[in-house]
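Q: Please take one part of this model and look at it closely. Which residues are tucked away there, what do they touch, and how does the part begin and end?

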Amino acid sequence: MFDFLPEKPIPPDEDAEISKRVLESIKGFHQNIPLPKTFYHYTDAAGLKGIVESGTLRATHIAFMNDASEYLHAVSLLADNISDAKKRLSDPLQIKLLEEIGPPVAATRPQDTAPFFISCFSAKVNSLNQWRAYSRGEGGFCIGFDTAKIDSKANEQFFFLSPAIYDRDQQAKWVREFLDWALIEYVRVADKHRAEEDEHRRSWAHMLLWRATSAAPIMKNPAFAEEEEWRLIHILQSKWDVRFLPKPVGLVPFVELKLGTPQTGPAAPQIARLGRPLPDKLPINVLWSGPGRATDTSLLAGRTLLEQFNYDGVHLEASKIPYRVG
């Protein structure tokens, strides 16, 4: 996984141009989809407890998520476009670039997946499908986060936000147009590096893939469109940022994202009780308890947890959807 991280930098202006193009293209995906005021994160009781007590949100490696195949779908679109481009192009520099990026793109095993780490949100509140899928049916919670405050941490925490894209034609168009841009851009910059052409091409191609494939996790199967999902995509900076959660199926890699603000003021009793400094305070503005037999008492417990960690003014709601397990 870590061999996907770029080892040799390219000139900063060239890297900046690639990054700019990727982000502008992603923004083009959702130019007509406004950033919601609130992001909703559906989780179970253990998830709520872990989020509040740690003051962080976890982002999971894309290969360990339920829809990991969607990442490989996006990469396969790029592989198909590379194959088509080889048949129609004659410029030797462009052909060499295609030959450079072709093999790593063609690798589709889970261990070949780039180290992108994802946190998932929804624009939909009190959604029965979300309760079922992510909150274990009963006893779950839906945490509402102030979207603007999360977005303000993007540069500091090396992530970007984007709605999931479900339209297959739109996904294919993005990949095709980005590859066309990359082929033209490479010819432009390669002229400056004639003396080190091969070495520069390897580094430039590696950086191109590293930046471009960060868009792959936002491409999802149309069957999930009802979720109205937004994704936080973290670009890994160092292998030492990765932690591991043991689960029955094995180890799951994740990173912890600091999206809150430090708590200040007198808190000696709390610190003594915790045995450590208070965790950061996340931008939580609403908490829902999920449907089921104990939705009201679950909300009371959630409220008590928030109060213990100094979350004041959080709006509280209990789902009244008539659903329970068993």
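A: In helix α4, the buried residues are L93, Q94, L97, L98, I101, G102 and V105. Buried means a relative accessible area under 20%, with exposed over 50% and partly exposed in between (1.4 Å probe, protein chains only). This is a predicted model, in which local features need pLDDT of at least 70 and side-chain atom pairs count only at pLDDT 80 or more, while totals for chains, interfaces and linings use all residues. Residues are numbered from 1 along each chain as its sequence is written, and side-chain values use heavy atoms, leaving out hydrogens and water.

The spacing of that list has a general background. An α-helix has 3.6 residues a turn, so residues three or four places apart point the same way.

Helix α4 covers residues 92–106; helices are DSSP runs (H or I, at least four residues), numbered from the N terminus. Its 15 residues should span 21 Å at 1.5 Å a residue, and the C-alpha atoms at its two ends are indeed 21 Å apart. The expected span is 1.5 Å times one less than the number of residues. At the start of α4, D91 has a side-chain oxygen within 2.8 Å of the backbone nitrogen of L93.

Q94 deserves its own paragraph. It sits in α4, and with a relative accessible area of 13% it counts as buried. What does Q94 contact, leaving aside neighbours within four places in sequence? The partners are L89, L183, I184 and V187, where contact means heavy atoms within 4.5 Å.

Three of these partners, L183, I184 and V187, belong to helix α8, which runs over residues 168–190. L183 is itself one of the buried residues of α8. Others on the α8 list include the aromatic side chains W174, F178, W181 and Y186. Q171 and E185 are also among the buried residues of α8, as are V175, L179, A182, V189 and A190.

The length of α8 can be checked in the same manner. Its 23 residues should span 33 Å at 1.5 Å a residue, and the end C-alpha atoms lie 33 Å apart, which agrees. D167 caps the N-terminal end of α8, with a side-chain oxygen 3.1 Å from the backbone nitrogen of D169.

To return to the part in question: Q94 is a buried residue of α4, and its contacts include L183, which is buried in α8.

Conventions: Polar contact = N/O pair within 3.5 Å; in protein donor to acceptor, adjacent residues only side chain to side chain.
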